[in-house]
Amino acid sequence: MKNAAIIICLVLFSVAGRSQGTDTFEVFFPLNISKLSKESEAYLDRLISKDTLLHGDKLTVLGYADFVGGSGYNDTLSMVRARNVREYLVKAGFKEEDIKLCLGKGKIDRANVKGKEGYAPDRKVQIIIDRAEMEKARQADEANGTVDVKRLRVNQTFALHNIFFKLNQPVLLDKSEPDLRNLLKILTENPSLKIQIEGHVCCMGPTEGTDSRYKGRNLSECRAEAIYNYLVEKGIDKGRLKYEGLGNRNPIVRNEITEADKQKNRRVEIRILSK
């Protein structure tokens, strides 16, 4: 996927798989060593490739040392460890301004642990992801009517709210074209991106049934397929696309009272399968 953030004018509905608060990951070092080992680099690479660490995340990097050595020595050692992790992340494409704090915390005191070999679990750098701050950024994006696709993790979704169909039919209306073009642009400019198109319908009550008009399939599936067909006709490889009809099983508004409530539940969502 390209390094430049892709901003598309689609309204973000929901993002699955993101927790509130913080997540913490740890990189470990041998005694008196500040350089990242090959194993540690491989661990960081896995966190990045699996979208556990995502470009755009707000990070805190904290270095530590065990009790072996003097306080001044361990202060310096822990700081250099933290800086080395920060530099590795920056080389991997993370922005320096997104690493909010890089600090050496010195040694961790262990009153009941002794010995010249120290205590290996304390020779580490913690990488802390601020999920709460990321959620604020997402809410700001939503308020502005934009989505930063680059920040989405695998299995996260965003909704296309400006997709319109003929009443009770899987036929796209012309006023859907702007959102369809934006989605096409995302896929064209990011050739490794794979997605699943998920169709949803209103109205609460019995589970959506099949319809003989659509060869025994349901309307939500046929509408998702209509977007799939649009993208294929525009040159997107079928291997990058899947579609599924979820009917009325995942409503935004569970107690539909107004037409606006129903409209919120009539939607198409895009799930990130891989990047």
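The buried residues of helix α1 pack against three elements: β2 (22–28), α2 and β5 (124–130). Those buried residues are Ser40, Leu44, Leu47 and Ile48. They cover an arc of only 100° around the axis, so they lie on the same side of α1. In general, an α-helix has 3.6 residues a turn, so residues three or four places apart point the same way. On the face turned away from the buried side, α1 carries the exposed residues Lys38, Glu39 and Ser49.

As for its dimensions, α1 (residues 38–49) has 12 residues and reaches 16 Å from its first C-alpha to its last, close to the 16 Å expected at 1.5 Å a residue. Just after the helix comes aspartate 51, which takes a positive phi of about 65°.

How far can you lean on the coordinates? Please keep in mind that this is a predicted model. The protein averages a pLDDT of 82, and 79% of the residues score at least 70. Helix α2, one of the packing partners of α1, is where confidence is highest. Here are the two extremes side by side:

| Element | Residues | Mean pLDDT |
|---|---|---|
| Strand β1 (lowest) | 7–8 | 37 |
| Helix α2 (highest) | 71–91 | 97 |

Over residues 1–20, pLDDT stays under 50. For that stretch the model has 74 contacts beyond four places in sequence.

Now to the strands. Which residues of β7 (residues 157–160) are buried on each side? Thr157 and Ala159 are buried on one side, and Phe158 and Leu160 are buried on the other, leaving both faces of the strand covered. In a regular strand, side chains alternate between the two faces of the sheet. Strand β7 is joined by 4 bridges to β10 (residues 267–274), and the two run antiparallel. If you would like one pair to look at, threonine 157 has arginine 271 as its bridge partner in β10.

One more residue to find in the viewer is leucine 241, which belongs to strand β9 (residues 241–245). Is leucine 241 buried or exposed? Its relative accessibility is 6%, so leucine 241 counts as buried. Leaving aside residues up to four places away in sequence, leucine 241 touches Leu187, Ile195, Tyr228, Leu231, Val232 and Ile236. Take tyrosine 228 from that list: tyrosine 228 and leucine 241 are 13 residues apart in sequence, and their C-alpha atoms are 6.9 Å apart in space.

Key
Residues numbered from 1 in each chain as written. Predicted model: local features only at pLDDT ≥ 70, side-chain atom pairs only at ≥ 80, totals over all residues. Heavy atoms only, no water. pLDDT = per-residue confidence, 0-100. Contact = heavy atoms within 4.5 Å. Buried < 20%, exposed > 50% of the residue type's maximum accessible area, 1.4 Å probe, protein only. Pairing = 2+ DSSP bridges. Expected span 1.5 Å × (residues − 1). Arc of directions from axis to C-beta.
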